[in-house]
Structures are given as C-alpha cells and as structure tokens.
Amino acid sequence: MKAVFQGNRLWCWTGQAPDLPEPALVLPDGLQVHRVPEGMPVPAGVQSLGLREAHGILAQEDWLRAGRGWQWLVWSEAHRHCGACGTRLEPGETTGRKCPACGLQVFPAAATAVIVLIRREGELLLARSPHFKPGVYSAVAGFAEPGEALEQAVHREVMEELGVRIHRLAYFSSQPWPFPNGLMVGFKAEYLDGELRPDPGEIEDARWFSLDRLPELPGELSIARWLMEDALGRRLAPSWAP
Ligand SMILES: [Zn+2]
C-alpha cells in the first residue's frame, strides 16, 4: 500500500506503480508514504489530484487511506526539530520522536474539533460562515481547547457562536479530516433556551430551517452533511459510525 504526494497533490494510478523515491515514512499498518520532488514530471498513466477532488474519484477506502498518509506526512515534516530547544529530533517511543538535548517527546496527533447539529421540533439550527460557498448553511463547529472535554467544547462553541443553550447532547460519529490534520467529532443536540445571537466575528447568518425546506447543504465529503442526512432519516455516514 502506498500514498504518494507531490506538493499537496496526490498521485493516483491504476496498474503498474510509477518509479518512486524511498518512502518518506512507513505507517504502523505498513502504508508507505512517498514524497515526490516538486519538479518531477507526472508520469504517463498517473493522475495528480488535490485531496478534495480525489474524493468521489477514488473509492472511499482509498481516499481515507490517502488522507491518513497525508496527516502523518504533514505531522512528520512539521516535527523535524524540537519545539523547545531547536535540536534535531530522533526516533522516540513507538511512533513518537524525542529530543536528545532536552528530552522533549512528541507524538503524532490530530487537532480535535467538535461539530454539533442542533434541532427542535421539525427544524434545524444552521449557520454560515463568510468563507462558505454562497447559499450553503451548516452545523456549527470549532476546535476543542487543551484541558477541555469534548462535551464542554460543544456547549462553549454553541454559546460563543450562537448565544443559545443546548441539551440532550449525543455522540454521532467522528471523521478524520486531512486538511491538514484534523479529527472532527460530531454530536447531535436539542435546543434548550436562549435568543439566537450569532457571533458577527465568525457567523455571517444563523437561523432555524424547517426540515422540509433546508438551504443548500455542505458536500457529501463532510461529517456536517452526514449529520444533516441523519436528521432527514437518511444515512451517509461511513462504516465506522455507530
Ligand atoms: Zn529539545
């Protein structure tokens, strides 16, 4: 199994693999992640794709594997030197790295974000941020902070971004999000109380939408869409979802 990247583009082929440099790293499950030099011409029979466009072209399983390779590669390339003293890191315990000078240890990690779909009788509370495509509304999301439980992060984000309180919080599913190193943790919740006051710094518009008159939804790639399909009684979530 191989995942091959040139810049931030993924090389895809069917049949005979192209000639490749030695893998930049080998993941614990054996996946070989290769880094091809930027200037190297793309060989005949190889398609060079951005990870987002590769979704829908590759089989889901292959896309997930490529995304996993990308997350590890990004982590590996951003952790060559000690963040505390600048010394070059050496291999450490299991998949980690260790600083021979000051002893700092680092381990591959993803940035954890929470996303929550809020509903009340027959309606969903959706919001749009200024960087969404025109007309698209989604569930609210934000990064969990160090020292915070995921549930606390959900309540905090909802209060900060929308000004309302929720209850009956329930886990939905998670999704590795390789742009570049995220883990999205999805929840469902019910509206409790409070007046809708979107944070103008992050939210361009937020409103209640009737389930039978939803706006344009995010692409099928994202857990946000899986949550909405679930609210509509349909399933788009991947095999690992409960
Ligand atoms: Zn150090």
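This passage describes the largest pocket, helix H4, residue Gln 6 and the cysteines of a predicted model.

The largest pocket holds about 1100 Å³ of space. Its lining is made up of 36 residues. Of these, His 131, Phe 132, Ala 141, Trp 177 and Met 184 lie nearest the centre of the pocket. By residue class, the lining divides into 20 nonpolar, nine polar and seven charged residues. Both strands and helices take part in the lining. At least two lining residues each come from strands E9 (111-120), E10 (123-128), E11 (140-143), E12 (165-177) and E13 (182-193). Helices H3 (150-162) and H4 (223-231) likewise each supply at least two residues. The largest share belongs to E11, which provides four residues of the lining.

Helix H4, one of the elements that line the largest pocket, was examined further. Eight of the nine residues of H4 are buried, so this helix is largely enclosed by the rest of the structure. The buried residues are Ile 223, Ala 224, Arg 225, Trp 226, Leu 227, Met 228, Glu 229 and Ala 231. Among the elements that cover these buried residues are strands E9, E10, E12 and E13, and each of these four strands also supplies at least two residues to the lining of the largest pocket. Just after H4, Gly 233 takes a positive phi of about 80 degrees.

Gln 6 lies in strand E1, which spans residues 2-6. The relative accessible area of Gln 6 is 9%, and this residue is therefore buried, the cut-off being under 20%. The side chain of Gln 6 reaches two backbone oxygens, that of Pro 37 at 2.9 Å and that of Met 40 at 2.8 Å. With neighbours within four places in sequence left aside, Gln 6 is in contact with Trp 11, Arg 35, Val 36, Pro 37, Glu 38, Gly 39, Met 40 and Val 42. Pro 37 and Met 40 thus appear in this list of contacts as well as providing the backbone oxygens reached by the Gln 6 side chain.

The cysteines were considered next. A disulfide is a covalent bond between the sulfur atoms of two cysteines. With a cut-off of 2.5 Å between cysteine sulfur atoms, the count comes to zero disulfides. Cys 82 has a relative accessibility of 6% and so counts as buried. Cys 99, at 2% relative accessibility, also counts as buried.

Note on methods. Residues are numbered from 1 along each chain as its sequence is written. This is a predicted model: local features need pLDDT of at least 70, side-chain atom pairs count only at pLDDT 80 or more; totals for chains, interfaces and linings use all residues. Side-chain values use heavy atoms; hydrogens and water are left out. Buried means under 20% relative accessible area, exposed over 50%, partly exposed in between (1.4 Å probe, protein chains only). A polar contact is a pair of N or O atoms within 3.5 Å; within protein, one must be able to donate a hydrogen and the other to accept it, and residues adjacent in sequence count only if both atoms are side-chain atoms. Contact means heavy atoms within 4.5 Å. On a 1 Å grid over the protein atoms alone, a cavity is a set of points where a 1.4 Å probe fits but cannot get out, and a pocket is an open set with protein on both sides within 12 Å along at least five of seven lines; lining residues have an atom within 4 Å of a point. Grid points are joined across faces, edges and corners, and a volume is the space filled by probe spheres set on the points. Ala, Val, Leu, Ile, Met, Phe, Trp, Tyr, Cys and Pro count as nonpolar, Asp, Glu, Lys and Arg as charged, and the others, Gly among them, as polar.
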